[in-house]
Amino acid sequence: MEQQDLNKRLIMAFVLSFLVFVGYSYMFSSTPPQDTIKSEQTTANNTHQTPQTPTVNGATSEAKSSVKTPTVGTSKIVVSVKSNTFKIDIDELGRISQYELLEDKYKSKDGKNLKILAPNETKPLEVRLSDAKLNDEAFKTPYSYSGESLVDVTTASKTVTLTQKLSTVTITKIITINPNGSYDIEVKTSSPVAYFITTGYRPMADSSRYMLVRGALVKTKDGIIKTVEDKKAKGDETFDGAVLASAFDRYVASMFYNFKDGMNVSILKVGEDNPLIFIQGTQDLKLGGYIGPKEHDILASINPELTDAIEFGWFSFLSKPFFHILLAIHNAIGNWGWAIIIFTLLVKLVLFPLSYKGMMSMQKLKDLAPKMKELKEKYKDDPAKMNMKMMEMYKKHNVNPMGGCLPMLLQIPVFFALYRVLLNADELQGAVWIGGWIDNLAVADPYYILPILMGASMWFQQRITPNNFTDPMQEKIFKWFPVGMALMFIIMPFPSGLVLYWVVNNLFTIGQQYVINNAYAKHKEAQKNK
């Protein structure tokens, strides 16, 4: 590869990687459309399933086989627990049948509350027994409950007790639900019996067609975070002594935790190789639980370790510190839009020394473009000698042909890490930047102003940035790239928070380029005077 083509090819690689990373995930996502999910949440599913019980730590051989028991998607609700932000329905099988978010920011366009559990999936708090016959009986025997049908936990925690009397054992569930959405679950059995309790199939708050991480997350006793993504479950994953197990979606999660004694966790493969979490039970099992939005402040108020359930995918090593910086800025100024702008400015300031060197190298390469062209023509039949002459010229003029690459290389992980943050942060839902225009940074700009500004700023940035294109096709692609990006961001409903970052980043880059262009002009003038 010729040294002078490195910058161009790196930029092309960045463009293509972005299109593959974002475009492919949007266009070919297998996630069902939103109206399908809403339909599933409002229509009872009467088809029979054959629930399977997992095997953990040498459980009985019966646990390996399917339990021939029909699981009805919706059962009779025996008690509803309500606060000012959520409503939980518990059914006659002792499961959380539905979780409803009551805050305005989660409402649909037609004003309906968001329900995050589909009736045809396994529910949180479902118990499965290893003995097939006993399990069959359990799914046909409702729990008894003698308390109020509606329990209010807005100001204080309340306890719900449910009891299931089977032929050989009595199972008691004691659920204490707190105002912040967390709960304590205690499962007691009248005699020792092998069983498992589940977080339920992951809840779902949206069906966005982005490259998102969904599935199961487990924090081991050693503090290591393991994820089993949808479509990638093997069905034999086990974790002894885990402290946290979370079935999660983009914005919401259902989780169990026990930071003192740990839990024996098993992953069962269901559907299209999707993970389903089970915790091995004991005669007196005590767990902490949470279901609801993955909001940092809520999780931190329950236990700071629960914030590890906020998953950002491949770039978590950068995304998590970025999120904490954004959170700190937001807590100081109270506006997520301005927090994104300030964060972008901080990133540009940190990278400015490297950007300065890189952009100065690009300026020098632009000036050397005619001489490079002459060398290519003169030594076109002798590539080795041409490269040698090129290197001599670079050395003579104190030019680093790789100098423009480093700023671009650094921008790639920064962009994709922030992409994950702005896609996954529940805090951006309903977050207002400028009232009357951007009222929700988690959804697309309703007037397409930001995508157009992004395209325009990219075009202007190209106009003032030096380049040394020798391939007409590459030059043509780059001329039309801003238009293509603007159209893509209009067609695909990218969150306005993400597009805002890109626009502001472009504007700051334009400012940097002006500073560097002036500095280089002075440098050339000084060289001429010498």
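Q: Why is Leu125 called buried or exposed?
A: Leu125 has a relative accessible area of 0%. Buried means under 20% relative accessible area, exposed over 50%, and partly exposed in between, with a 1.4 Å probe and protein chains only. Leu125 is therefore called buried.

Q: What kind of model is this, and how are residues numbered?
A: The model is predicted, so local features need pLDDT of at least 70 and side-chain atom pairs count only at pLDDT 80 or more, while totals for chains, interfaces and linings use all residues. Residues are numbered from 1 along each chain as its sequence is written, and side-chain values use heavy atoms, with hydrogens and water left out.

Q: Where does Leu125 lie, and what is its phi?
A: Leu125 lies in the loop between β4 (114-115) and β5. Its phi is positive, about 75 degrees, although Leu125 is not a glycine. Most residues other than glycine have a negative phi.

Q: What makes a stretch of the chain a helix or a strand?
A: Helices (H or I, at least four residues) and strands (E, at least two) are DSSP runs, numbered from the N terminus. The chain has 11 helices and 18 strands.

Q: Why is Asp273 called buried, partly exposed or exposed?
A: The relative accessibility of Asp273 is 33%. This value falls between the cut-offs for buried and exposed, so Asp273 counts as partly exposed. Asp273 lies in the loop between β16 and β17 (274-280), and has a positive phi of about 60 degrees although it is not a glycine.

Q: How do you know that β16 and β17 pair?
A: Two strands pair if DSSP finds at least two bridges between them. Six bridges join β16 to β17, so the two strands count as paired; they run antiparallel. Lys269 stands opposite Pro275 in β17. The two strands form a hairpin with three residues between them, and Gly271 in the turn has a positive phi of about 55 degrees.

Q: How do you know that β13 and β16 pair?
A: β13 and β16 (residues 263-270) have three bridges, in the antiparallel sense, so they meet the requirement for pairing. Thr238 stands opposite Ser266 in β16.

Q: What makes β5 and β13 edge strands?
A: The open sheet of five strands has the order β5-β10-β17-β16-β13, with antiparallel pairing. β5 (127-129) and β13 (238-242) are edge strands because each pairs on one side only.

Q: Why does Thr199 count as buried or exposed?
A: Thr199 has 1% relative accessibility, which is under the cut-off for buried, so Thr199 counts as buried. Thr199 is in the loop between β10 (195-198) and β11 (215-219). Contact means heavy atoms within 4.5 Å. Not counting residues up to four places away in sequence, Thr199 touches Pro124, Ala245, Ala247, Ser254, Met255, Phe256 and Ile277.

Q: What is the angle between α6 and α11, and which residue classes are in their contact?
A: Helix α6 (residues 336-378) and helix α11 (residues 496-529) pack at an angle of about 35 degrees, with their axes 7 Å apart. Axes are lines fitted to C-alpha atoms, for helices over the stretch in contact, and angles run from 0 to 180 degrees between N-to-C directions. The contact of α6 with α11 has 15 nonpolar, 11 polar and four charged residues. Ala, Val, Leu, Ile, Met, Phe, Trp, Tyr, Cys and Pro count as nonpolar, Asp, Glu, Lys and Arg as charged, and the others, Gly among them, as polar.

Q: How many of the chain's residues count as buried?
A: Of the 530 residues of the chain, 53% count as buried.
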